[in-house]
Structures are given as C-alpha cells and as structure tokens.
Amino acid sequence: MSDSSPDRPSVAVLEVWCELQCPDCRTALDDLRALRARYGDRLELRLRHFPLEKHKHAFAAAQAAEEAWEQGQGWPYVEAVLGRVEELGRKGEPFLVDVARELGLDAEEFDTALIDGRHILIVDADQAEGKAIGVTGTPTYVIGGERLDGGKSQEGLRERIEEIADRLLAGQES
C-alpha cells in the first residue's frame, strides 16, 4: 500500500537526536516510553544519531544500532545499550556485540558491520543534518518543525512534545 493512501492514519513524527553513550539520553528513555504508550502508532519515533566526541564508543554504538534496525530490533537494542551506558564506556565495542547476542540477534553480523563500516554513512548523514539544524547536544527532539533541547534539562519536555503532537494530530484529522 502506498504511503499516500487516503486511508493512512494520521501520524506525527518525533525525531530523537540521541547518543548511545549519553546518560541524559538514558534518562530520556522514560519519556520516550511514556510517549509510545500514550500515542502508539500515531507518533512515529525516529532515532537520529548524534555521537559526541567526548564519548569514544558513541560512533560505534550508532553503527551498531543501525545494524540492530537491519535485523528488526532497533528500539530494543537502543534501550538495552542506553540502559547500560557505563558498561559501554568500560567495555567498548565488545559490549555492543554482547548486547546483540543477549537480544538473540546475529552477533557475528554485528561484529562484521562494525569492522566493515557499512552503516557509517547513515551515522555521518544524521550527524551532519543535526549540526545543520542546530543540534549541539543530546537528547534533542524535533517535532512539527520545532527543536527542543534536552541536553541541559528534561524538565517539561515531554509535556511540550505532547502539546505539539496533540496539535499536529488534531490538525491532521480534519
């Protein structure tokens, strides 16, 4: 079925500029879970990569997340890695492969993907786009053309995202 089908349900898109070694992004997981619970399929969460130089395993983690998406387990993988950012900091790339194995993914393929760099262009493109729109830290959200910076504080962000999502969804239903 084509995306332009008139029967397609209304969907708002929330881009989440994230870094998988970022403690603030781990904190944001609760808000993302709450948003998914509230909106279900009416809010599409799109993970966008913005690895920061201060976290030496963040770029590899972003590539690993892309491999997880290829294998159909993107969000579970992202949540598993974010839930253990300190362990990623200590163990590095072997930890990324271990998480894949824990989730029943093809760990050998993860290892190969990290070696051959097949997902580097996706990560680079996300990072470049983020810089172009003014992302400076993570997490940063973009919804309805509005950028919300969660890197300094998560305070009130979920409520603001809900206000924008409600407005977008109400506008699409008319």
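Ala 28 touches Pro 139, Tyr 141 and Gln 154, once its neighbours within four places in sequence are left aside. This is a predicted model, and Ala 28 is a handy place to start walking through it. The residue sits in helix α1. With a relative accessible area of 2%, Ala 28 falls under the 20% cut-off and therefore counts as buried. For a sense of scale, Ala 28 and Arg 38 are separated by 10 residues in sequence and by 15 Å in space, C-alpha to C-alpha.

Stay with helix α1 for a moment and look at its partner. Helix α1 spans residues 23-39 and helix α3 spans residues 74-82; their axes come within 9 Å and cross at roughly 145°. The crossing of α1 and α3 is left-handed. On the α1 side, the residues that meet α3 are Cys 25, Arg 26, Leu 29, Leu 32, Arg 33 and Arg 36, while α3 contributes Trp 75, Glu 79 and Leu 82. Sorted by class, this contact holds five nonpolar residues and four charged ones, with no polar residues.

Now turn to the strands. Four of them form an open sheet in the order β2-β1-β3-β4, and the pairing is mixed. Its edge strands are β2 (43-49) and β4 (146-149), each of which pairs on one side only. From one strand to the next, the twist averages 20°. As a reminder, strands of a sheet pair through backbone hydrogen bonds, either parallel or antiparallel.

Both senses can be seen around β1. With β2, strand β1 pairs in the parallel sense over seven bridges. With β3 (residues 140-143), strand β1 (residues 12-18) pairs in the antiparallel sense over four bridges. Glu 15 is a nice residue to click on here: its bridge partner in β2 is Arg 46, and its bridge partner in β3 is Val 142. Another bridge to find is that of Trp 17, whose partner in β2 is Arg 48.

How enclosed are these strands? Six of the seven residues of β1 are buried, so the rest of the structure largely encloses β1. Strand β2 has five of its seven residues buried, so β2 too is largely enclosed by the rest of the structure. His 49, which belongs to β2, is a good example: its relative accessibility is 2%, so His 49 counts as buried. Setting aside neighbours within four places in sequence, the contacts of His 49 are Trp 17, Cys 18, Ala 62, Ala 65, Glu 66, Val 123, Asp 126 and Gln 127.

Finally, look at how the nonpolar residues gather. The largest nonpolar core has 45 residues, and those with the most contacts inside it are Leu 14, Tyr 77, Leu 96 and Tyr 141. A separate second core has five residues, among them Trp 17, Phe 50, Val 135 and Val 142. Back in the largest core, which residues does Leu 14 touch? Not counting residues up to four places away in sequence, Leu 14 touches Leu 32, Leu 35, Leu 43, Glu 44, Leu 45, Arg 46, Tyr 141, Val 142, Ile 143 and Ile 161. Some of these names should be familiar by now: Leu 32 is one of the α1 residues that meet α3, Arg 46 is the β2 bridge partner of Glu 15, and Tyr 141 is one of the contacts of Ala 28, the residue where this walk began.

Terms used:
Residues numbered from 1 in each chain as written. Predicted model: local features only at pLDDT ≥ 70, side-chain atom pairs only at ≥ 80, totals over all residues. Heavy atoms only, no water. Core = buried A, V, L, I, M, F, W, Y, C linked by side-chain atoms within 4.5 Å. Buried < 20%, exposed > 50% of the residue type's maximum accessible area, 1.4 Å probe, protein only. Contact = heavy atoms within 4.5 Å. Pairing = 2+ DSSP bridges. Helix = DSSP H or I, 4+ residues; strand = E, 2+ residues; numbered from the N terminus. Axes fitted to C-alpha atoms, helices over the stretch in contact; angles between N-to-C directions. Left-handed = near helix turned anticlockwise from the far one by under 90°. Nonpolar A, V, L, I, M, F, W, Y, C, P; charged D, E, K, R; others polar.
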